[in-house]
Amino acid sequence: MMQDSKFHHGEAATTAPIIRLEEIRKHFGNVIALNGVTFDVRPGECHCLLGDNGAGKSTFIKTMSGVLKPTEGRILIDGQETSFSGPRDAQDAGIATVFQDLAMIPLMSVTRNFFMGREPTKGRGLFKRFDHRRANEICVEEMRKMGINLRGPDQAVGTLSGGERQTVAIARAVHFGARVLILDEPTSALGVRQTSNVLSTIDRVRRQGVGVVFISHNVRHALAVGDRFTVLNRGQTLGTAVRGQISAAELQDLMAGGQELAELEGSLGGTI
Amino acid sequence: MPVDTPLTDERIRTESWIARLMKRPELGSIAGLILVTVFFLITANSAMFTLSGIMNFLSPAAQLGILAIGAAMLMIGGEFDLSIGSMVAFAGMIFGALVVNLGLPLIVAIPLTLAFAALVGVVNGQLTIRTGLPSFIVTLAFLFILRGLTLVGLKALTGGSTQLRGLREATAQDMLAPLFSGEAFKGLFAALARSGVIDTFPNGTPKVPGIPVEILWFVGLALAATWVLLRTPAGNWVFASGGDANAAANAGVPVRKVKTALFMFTAVCAALLAIMQVMDAGSTDARRGFQKEFEGIIAAVIGGCLLTGGYGSAIGAFFGSIIFGMVVIGLTYTQIDQDWFQVFLGGMLLLAVVFNNVIRKRVTGER
């Protein structure tokens, strides 16, 4: 087990979950993408959803963010059963999704990206306008809280690194009232330093009481910030482990579904 | 987190104002305008830069500009409309039919014409969005459809001619006519002529009777478009829809509505131009607006719009159109063969596209 004292880990186990999905099944024609997945997120925790490609992670996230409707199963928000008729419903319930590369527009400034679709305005009628000054102030302040000092609020997002872009997207979601933040492979395309920036962003967000769903197939990244770990394999949950009760090797094995990787690891000398 | 990030990053130099200026999308067109002005100051007859000479080139610039501003807005929103040239002829026919054949007053005919154009814009927009085809192809189809409909329609209306006459007679007495034809501020110009501020003919009437109304529409439209783009939430949605429709939609921008509205706006701009041209000429012709779609798009590109969308400005298109008008008319004031215009057009387009690419890389920090 990788020791990591860098991050605070919440006492999440006692609080009630914000969102709970029970026995979710999703069929596409004769393909069973999800076959009974149970998952919940509590305020102030980072719950990692691990799984190899094709395990059903994307289908599950889309169900949680309201893009797909489950074939069977229940979705509970604050203990109340709900159903999402679309992504807007989920957003209104405080479930925000940050997609890896579909969140930001490189040619636009950080502020314009930050408030995209939710611009603050001043004035009335014909003179109702985008309140740039307030938007800039909020944006610079929110980014500073996340540890990024912008050259200026008019700096184009294209000039930011991949990690910083993720951070802008996360800061945006939190500013607009996200209670649960779904991060889809936020670190998979990033370098070492940028990854650590994103992980520390996750830590900051968690300390504000937001529940984070961290989707990854990288066990080390997950172990660095995760409080709980759920492994998906072939559309099913293989159980949820609490931090400290499971090692990287065990997680890795679960993700791969057992044998094959164990053999491989032998020949590679434990470098995966 | 124990690490406190410093307030300034030592790796980033503060930007000079020149570097900031370099990032404005309209920079290229302003530089181009200065270049062209200097060129004509040297080569052209001095009559070009008298008041009447300036009105002479601003008038065609304004006519193109009304199209170009619409085209620029749509390009920033990530789409093209190749049917705007044909739309000028089509809207001219609709307008002519309403005024001459149905005898409607302008207060009814003009809104109806604009509404017809907007409807075609909706069709263009919805087809593009729903089929997912490039707008280039969809509107290319409408370039031919509208031109053909205009030819067929005009022949049906007139009994075989591709020209519909009698608009001047039908609109001369209308109280809305001064808004769409002739010159504005005639009283002011007459007063200026009497006090000797501006040139007059020997009989005392000013050489320039007033500002052609299309110039006022052009300026007004450029200001309004700039206001919307830079100062309103809708402007942010236009940039976002063009920059990355998927990301914009994920963030809650009504991308489909924005794009449809832009197609409508572009078509309405073309119809507005058609109304003014038809009222000035007194007749409508099936060949009106021929190839204007290309000139409009070129003016928008010279103005800094990227072909891929998400970047550009209405003010850039404004200056791009003035460059255009200056060269078309300016060449007649020089010894240079006027047909060089086409060569200039192509050259300018190439230069602008290359320049825009460089600017885009500066903005996004690509290396």
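Student: How many residues does each chain bring to the contact between chain B and chain A?

Tutor: In this predicted model, chain B contributes 28 residues to the contact and chain A contributes 24 residues. On the side of chain B that touches chain A, at least two residues come from each of α11, α12 (245-250) and α16 (340-364), and α11(B) gives the most, with six residues. Sorted by class, that side of chain B has twelve nonpolar, twelve polar and four charged residues.

Student: What makes α11(B) and α13(B) roughly perpendicular to each other?

Tutor: Helix α11 (residues 233-243) and helix α13 (residues 255-281) of chain B pack at an angle of about 100°, their axes being 10 Å apart. Angles of 65 to 115 degrees count as roughly perpendicular, and therefore α11(B) and α13(B) are described in that way.

Student: Which residues meet where α11(B) packs on α13(B)?

Tutor: From α11(B) come B:Trp237, B:Val238 and B:Ser241, which meet B:Val255, B:Val258, B:Lys259 and B:Leu262 in α13(B). By class, this contact has five nonpolar residues, one polar and one charged.

Student: Why is B:Leu106 called buried or exposed?

Tutor: B:Leu106, which is found in helix α5 (residues 106-131) of chain B, has 21 C-beta neighbours inside 10 Å. A residue is buried if 20 or more other C-beta atoms lie within 10 Å of its own, so B:Leu106 counts as buried.

Student: Which residues is B:Leu106 in contact with, leaving aside its neighbours within four places in sequence?

Tutor: Those residues are B:Thr171, B:Asp174, B:Leu176 and B:Ala177. As for B:Val38, 68 residues separate B:Leu106 from it in sequence, and the C-alpha to C-alpha distance between B:Leu106 and B:Val38 is 42 Å.

Student: What does UniProt list for "transmembrane region" in chain B?

Tutor: The unreviewed UniProt entry lists several spans of chain B under that name, among them residues 88-121 and 340-359. In the model, residues 88-121 of chain B are 88% helix and 0% strand, with end C-alpha atoms 13 Å apart. Residues 340-359 of chain B are 100% helix and 0% strand, and the end C-alpha atoms of this span lie 28 Å apart.

Student: Why is A:Asp78 classed as buried, exposed or partly exposed?

Tutor: A:Asp78 lies in the loop between β4 (72-77) and β5 (80-82) of chain A, and it has 13 C-beta neighbours inside 10 Å. Because a residue is buried at 20 or more such neighbours and exposed at 12 or fewer, A:Asp78 counts as partly exposed. A:Asp78 also has a positive phi of about 50°, although it is not a glycine.

Student: How do you know which exposure class B:Phe185 belongs to?

Tutor: B:Phe185 has 14 other C-beta atoms within 10 Å. That count falls between the limits of 12 or fewer for exposed and 20 or more for buried, so B:Phe185 is partly exposed. B:Phe185 lies in the loop between β2 (183-184) and α9 (186-194) of chain B, and has a positive phi of about 60° although it is not a glycine.

Student: What helices and strands does chain A have, and what share of its residues count as buried?

Tutor: Chain A has nine helices and twelve strands, and 46% of its 272 residues count as buried. Among the contacts in chain A with a separation of 6 or more, 70% are accounted for by residues 24 or more positions apart.

Technical notes:
Residues are numbered from 1 along each chain as its sequence is written. Chains are lettered from A and ligands numbered from 1 in the order in which they are written. This is a predicted model: local features need pLDDT of at least 70, side-chain atom pairs count only at pLDDT 80 or more; totals for chains, interfaces and linings use all residues. Helices (H or I, at least four residues) and strands (E, at least two) are DSSP runs, numbered from the N terminus. Two residues are in contact if their C-beta atoms, placed from the backbone, lie within 7 Å. UniProt positions are given in the numbering used here, feature names are shortened, and annotations may be inferred rather than shown by experiment. Axes are lines fitted to C-alpha atoms, for helices over the stretch in contact, and angles run from 0 to 180 degrees between N-to-C directions. Angles under 35 degrees count as roughly parallel, over 145 as roughly antiparallel, 65 to 115 as roughly perpendicular and the rest as oblique. Ala, Val, Leu, Ile, Met, Phe, Trp, Tyr, Cys and Pro count as nonpolar, Asp, Glu, Lys and Arg as charged, and the others, Gly among them, as polar.
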